[in-house]
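Here's a quick briefing to read alongside the sequence and the coordinates. Take a look at the model first, then we'll go through a few spots one by one.

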Amino acid sequence: MRILLLACRHCCRLPFFSRAAGAAFTANCGGGPWRRHRVLAAQCLSMSTTAGSILPWEAPSRETLLRTIDVALKDGNVDQALRAFGNYKSLHGLPEPRVLNGVIVSLSYTSSRRWLQRAYDLVLSVYQCNSNLLNSSSLMRLALALARDQTPVPASAVLRIILESGKLPDADMLSMVFLHMLKSQVGSYLAADVLAETCECFLDQISYRRQLKKLDPIKNNVTLFNMILESCVNFKCIIRAQKIMELMSLVGVVADVNTMAVASRVCQMVGQRDELMTMKGSINSFSSLPFSQQYLHFYDSLLSLQFSGNDMDAAADLIIDLYRQQKSCTFSDNDVQKQGVIQIGSGNLKSGYRIMFDPTKLDKGFVLDTKYQSGLVVPISGNLVPSEKAVAKLIIGCVKAKKLGALSSFCITLHKEELKGISASDVINACIQMGWLHAAHDILDSLESAEIPVGVGTYMSLLREYENEHKPEEFNSLLQQIQKIASTMEEFHTSPSFTIKDIAKIVKDEIPQTKSSLLSSLVEETEHYNPGDHLTFEFNNSILFFCKANMMEDALSTYKRMREQNIRPNLHTFCHILCGYSSLSMYREITILWGEIKRRLEYREISVDRDLLDCLVLDFLKGGYFSRVMEVISYMSTHNIYCDKWKYRQVFLKLHKNLYRNLNSLHDKTEAQSKRIDDVRAFRTWAGIK
């Protein structure tokens, strides 16, 4: 009888032994036949044996199990520690936080993916039961171990558990975690989301400005933001990059020169030329610029956007500015007090953001990736100068757009200011060799009007090409032109008449045509030149402005005009419109936009973009369009695009936690209601929401 009572008392302490069952047992033990006690005790023993292989009277005490766990952890015997931990959990439930977090940390220090997965599973089970038992320090160690093991999804989940506890992750540890996560595309997406959620989580909790000090550890770690921004550029995440930059402004991050360089790449990717022009005014206020490699990114991006917008006058001016500038590696005293400005959105709009950057601040541990440069600006002897590729783009743009005045002015300025760069003769000879004879002749006329001498070889080359192309009028016109200016040429002394043969005799031999490296650049860039690209760029620029200003009617009017002129919209077009709708919570309009995007994707007129699809899922979740949610998720799954299930689940729980909680409670349902309930049920099942 005593054994039976001990067994039943033990069963009453088991987690799955209900109070009602305990009360019933107590009542039964108070009296009744022996058979009833025996049956009840047998039931308790059966339950105890099911919970674990150890019988109740054989089970070690709570203290013994805790001591076993501690000793095993100190000895590094993870397997034994887990067995003891499992026994303790079966008999007594979860241990105290010290023991629990000790197990998590020990598992985190192992190099085995199996043990790391066990640690992650343990964290999830505790998180679902009682997240207060988890320690943020041990969770950060686990997140770092998972990131090192190149499992970014579990690593991001652990970081999000820390955020949900209301604690700020350690900034230095977070940098290390991100450093490993950014090695993969999925990890880059998740790292950007976690950083955004970190900023948003604490901005929502701040009621007045003084509380911003809570974010100081994150705010002061500018490298954290630089890493994420660069990964957004590498994987062309237009929407994420803009969001991170806006959050940097709201948090108050004081950026460094690396931020300026990466932000330049973001502006180039998005097509924000005006923002770079604002930044240029800020940079020009400095008397000298150290860290030329970082500023190279800025000038390279700005020049690329000038060409994208087909603004050849601005491109020519920027190239001239680069030739003029002489970089120094020291700052004047006045420059130390100045700060640069990174403008996000129009400075004339209330919705615009600003990031201040310190031109003397540079984290040398952060190395900028150079493989995404356009190659338009190159460093030579500490100076930033335009490359031949940039000059080739300028020549092609001016010739194709018939803006020869800008090209002529460019050549004249180079000569008059004695700037070290390409010569006017090189430009004319390259045009001749490309077959652009009228362009070459126009530049010659402009140089003559400016009284700038040109070598006889240039005239000879053009004259020979006119003869080869059988253009007698142009040939005779140039011949007369040579006759008029012959007295100013050193190669010509006196000659009563001029023919192609006479000129050849005077210069003793025909000047051979040599193929320059500029010609090679011209040939290569001509193959990539598309005259319609700048129109798409200009329309997108207008749409972006209207969307940032919350002027969606004007943005749609611009989009309609774009289609009427048979100018095909690209991915940027739809990203801008989607962000505009999203900022105004116009979810119904987004459903219509999704139909247009879907058609373009089917006809392969735009490329599949994970950033765009992710934003669509979030907007449809917020708007309660669950049919569209499952449609986009299905599309992503079909095309092997990563779906952030954790993020979507949390958005659903935040906004629609009790939506159709009892899905069978509605009896008289319309067909539309039934379809909506089915969609909600489908999302719950997919997201693992019970």
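In which helix does His 180 lie? His 180 sits in helix H10, which runs over residues 171-181. Keep in mind that this is a predicted model. The notes below start with that histidine, move on to a strand pair, and finish with a repeat and two loops.

**His 180 and its surroundings**
- With a relative accessibility of 17%, His 180 falls under the 20% cut-off, so it counts as buried.
- Skip the neighbours within four places in sequence, and His 180 is in contact with Leu 144, Ala 147, Arg 148 and Gln 150.

**The E3/E4 hairpin**
- Strand E3 covers residues 377-380 and pairs with E4 in the antiparallel sense, over four bridges.
- If you want one pair to click on, try Val 378, whose bridge partner in E4 is Val 385.
- Two residues separate E3 and E4 in this hairpin, and Ser 381 in the turn has a positive phi of about 55°.
- Asn 383 belongs to strand E4, which spans residues 383-386.
- Is Asn 383 buried or exposed? Asn 383 is buried, because its relative accessible area of 17% is under 20%.
- Asn 383 also pairs up nicely with a distance check: Gln 325 is 58 residues away in sequence, yet the C-alpha to C-alpha separation in space is 7.8 Å.

**The annotated repeat**
- An unreviewed UniProt entry carries the annotation "repeat: PPR" for residues 535-569.
- In the model, residues 535-569 are 77% helix and 0% strand.
- How far apart do the end C-alpha atoms of residues 535-569 lie? They lie 10 Å apart.

**Loop residues with positive phi**
- Asn 566 has a phi near 55°, a positive value in a residue other than glycine.
- You'll find Asn 566 in the loop that links helix H29 (552-564) and helix H30 (571-583).
- Asn 566 has 72% relative accessibility, which is over 50%, so Asn 566 counts as exposed.
- Arg 604 isn't a glycine either, but its phi is positive, at about 60°.
- Where does Arg 604 lie? Arg 604 is in the loop between helix H31 (587-602) and helix H32 (610-623).
- Arg 604 counts as exposed because its relative accessibility is 76%, over the 50% cut-off.

Terms used:
Residues numbered from 1 in each chain as written. Predicted model: local features only at pLDDT ≥ 70, side-chain atom pairs only at ≥ 80, totals over all residues. Heavy atoms only, no water. Buried < 20%, exposed > 50% of the residue type's maximum accessible area, 1.4 Å probe, protein only. UniProt positions renumbered as here; feature names shortened; annotations may be inferred. Contact = heavy atoms within 4.5 Å. Pairing = 2+ DSSP bridges.
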